[in-house]
Amino acid sequence: MKTFCGRANPTTGSMEWLEEGEDYDYHQEIARSRYADMLHDKDRNVKYYQGIRAAVNRVKERGEKAIVLDIGTGTGLLSMMAASAGADFCYAIEVFKPMANAAVKIVEKNGFSDKIKVINKHSTEVIVGPDGDMQCRANILVTELFDTELIGEGALPTYEHAHKYLVQEGCEAVPHRATVYVQLVESRRMWSWKKLFPIHVEAEDGEKILLPPSEMENCPGVPSVCDIQLNQMPSSDFSTLSDVVKMFSVDFSKPVQSASTYYRVQLEPVKSGKAQIVLSWWDIDMDPSGMINCSMAPYWVKPTSALQWRDHWMQCVYFLPREEPVLQAEKLYLTACRDEYSVWYNLQKAREGENGADEEELEADVRVESPVCRCRAHVLWNRPRFGELNDQNRTRQYIKSLRKVLKTDSVCLCISDGSLLPVLAHYLGAKQVQCMQPSRIDLCHPHELWQAFFKANNLEDKIKIIEARPELLKPSHLEDKKISVLVGEPFFTTSLLPWHNLYFWYARTAVSAHLASNVTVLPQSASLHMMVVEFQDLWRIRSPCGTCEGFDVRTMDDMIKDSLNFRESKEAEPHPLWEYPCKSLSEPQEVLTFDFTKTVPQHCLSTEGSVKLLWKGKSHGAVLWMEYHLAADISISTGLMQLSNEKGNCEWNPHCKQAVYFFSSVIESEILSDPTAVTYAINFDTKTGEIAMDFKL
Ligand code: SAH
């Protein structure tokens, strides 16, 4: 089957119709899936195996047959563990067809075809009965349906249904129980992902302070989970205000209710501060005794135990609706509200002389709605974007550069999504300032936000929003003036890979007719940079596993490899590398430059070369990022910020994703005698806006 998908090309901005076979989606899903990461998660696998063995033994000790239901079998791993542990029969349910097919092959290869029946259905479609999918209800329920937020992948409704229709009363469940933990913290860094801080601008006529509108101050934000590798957050970036507290537990061996509910705990701050953030993670007990425990607790909670790295389960950052000043030892109530798929938090202070009436008040207060952004800023800006706009250092670079290029008679056009540059340009004295937000025009209506923004800062009528795409710009939009300063961060919300922001170059080309002959373009140019790295852990997500706990899963490895190679040239993928430590094996090098003072050329831009591997280590892949040259000596890097050379540790821009190109095979650079081992060819096709790359080791 062929499908046509219409989309705006993120780099060129042009509308295109892509013809995609359904294979494409499969391959994308598998190539970018977490199966490899799960199979590499030794801690998880070992504990599941222990839990499954214990459950099978308990059932056998009761003299019953062990009938296993494995919901979401994936590779079939947990069913094979159960069969090896002596289970009499396993029903392995998998909704994703390519995975169900893979599970059949893997089960067969490992010799379990007579013990494991793979059923390609969603568990809620499974029928029990003599002619059904399952002969009888199961007495062991095994699943791994959890995401970082525990319930985001639909574990609760799946369990609710399974207990009603697919398993026996009193069944054994692996895992037996999950517990969600929370800790209240103050963190300017994390709070800057939700709230816009005042921005200070030194202008000719004194200091200006750009303030967010009041709607934004009190906005609860968006409900989507913020999941990160909290272990990469240095302890200097937050301060814990409470102990770690158990928020709620779910017992998977009993009927589970998925309907919306809330949980409340009492907290006493261990120190005074500003309560802003709730950090949260969970653990699972594989057996009822709690002896087999798999925990996502971050480094400061159990400093002695070795941390298992994993990307399929991380930690959550929840933003309180408002910042709340709290005092040491005062009485607080923290409420977790949840629906079927998501969790959100609310903090209340206990009132003086608490009595029954206050209790009622509390009850009424806690049932808060799931957060919905009212100010539109949280729809316009995602969390990293908030962080970027709040980055004072970055803002200073733009101010410095704007100051160099703006004159009192400047007619300035800014092309970037949800950018504060137009306000900065106005403060710095540009005569006329207009802005265009190309990719946000149809997505959300940012104008109300801007109106509120301008109103809060007495900027009404000072900055004009042009509601047209660059190619439709007319002289009347510009009051019949020519643009003397064209600026962009550049930033566009449709960008996934670093070079997608080259859309600025295409927009600049489209508005060429409106530019004054002596126009200044800021940034004047951009460059693509590249470095070969060894990842501490990220390599696991794309690396073959071979055998997992003694089971041959090479079928899965092959499937992932096929999907990664589905397109003739492999693609780079975006990752926020501040969360994924790596060390450089080569010097960073500039590979392509893009001259924004000129229009996009007709011909392709390509380059070839080689990278010297200067340090010992495993070459897992290349990292690519963009740098923007704002003015003569001012550049902004969206990738590497610093390299500490003795160890090669890299510091990455914390607000941006970098492009990672995983090499298909890994080389150890210590065994290389010739240091120019990696050759590359990179091609930027100016027609399609795509960058194709090839590396040879
Ligand atoms: N059990 C495997 C894979 C876990 S990933 C392991 O532990 O390694 C979870 C899998 O469950 C995914 O393949 C997903 O497609 C599948 N899945 C999720 N919910 C499901 C449901 N309700 N019914 C059937 N499959 C489901």
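Strands S18 (residues 332–338) and S19 run antiparallel and are joined by 7 bridges. The model is predicted. Within this pairing, leucine 332 has lysine 349 of S19 as its bridge partner.

The pair belongs to an open sheet of 3 strands, ordered S14-S18-S19, with antiparallel pairing. S14 (261–267) and S19 (343–349) are the edge strands. Each has a single partner strand, so one side of each is left without a neighbour in the sheet. From one strand to the next, the twist averages 20°.

A record bears on this part of the chain. An unreviewed UniProt entry places the feature "domain: Protein arginine N-methyltransferase" at residues 176–347 and 524–686. In the model, the span 176–347 is 46% strand and 5% helix. Its end C-alpha atoms lie 30 Å apart.

**Around strand S21**

Parallel pairing appears at S21 (residues 432–436). S20 (residues 411–415) pairs with S21 in the parallel sense over 5 bridges. Here leucine 413 stands opposite glutamine 434 of S21. Helix H13 (residues 421–427) completes a right-handed β-α-β unit with S20 and S21.

S21 also pairs with S22 (residues 463–465), again in the parallel sense, over 3 bridges. Glutamine 434 takes part here as well: its bridge partner in S22 is lysine 464.

How many of the 5 residues of S21 are buried? The count is 5 of the 5, so the strand is largely enclosed by the rest of the structure. Both faces are covered. Gln432, Gln434 and Met436 are buried on one side. Val433 and Cys435 are buried on the other.

**Ligand surroundings**

The ligand has 18 residues around it. Which of them come nearest? They are Tyr35, Arg44, Gly72, Glu94 and Ser123. Two of these, Gly72 and Ser123, also appear below with polar backbone contacts to ligand nitrogen. The table gives the distances, with threonine 73 added.

| Residue | Protein atom | Ligand atom | Distance |
|---|---|---|---|
| Glycine 72 | backbone N or O | nitrogen | 2.8 Å |
| Serine 123 | polar backbone atom | nitrogen | 2.9 Å |
| Threonine 73 | backbone N or O | nitrogen | 3.4 Å |

In each row the protein partner is a backbone atom.

Technical notes
Residues are numbered from 1 along each chain as its sequence is written. This is a predicted model: local features need pLDDT of at least 70, side-chain atom pairs count only at pLDDT 80 or more; totals for chains, interfaces and linings use all residues. Side-chain values use heavy atoms; hydrogens and water are left out. Buried means under 20% relative accessible area, exposed over 50%, partly exposed in between (1.4 Å probe, protein chains only). Helices (H or I, at least four residues) and strands (E, at least two) are DSSP runs, numbered from the N terminus. Two strands pair if DSSP finds at least two bridges between them. A crossover is right-handed if, with the strands pointing away from the viewer, the path from the first strand over the helix to the second runs clockwise. Axes are lines fitted to C-alpha atoms, for helices over the stretch in contact, and angles run from 0 to 180 degrees between N-to-C directions. UniProt positions are given in the numbering used here, feature names are shortened, and annotations may be inferred rather than shown by experiment. A residue is near a molecule or strand if one of its heavy atoms lies within 4 Å of it. A polar contact is a pair of N or O atoms within 3.5 Å; within protein, one must be able to donate a hydrogen and the other to accept it, and residues adjacent in sequence count only if both atoms are side-chain atoms.
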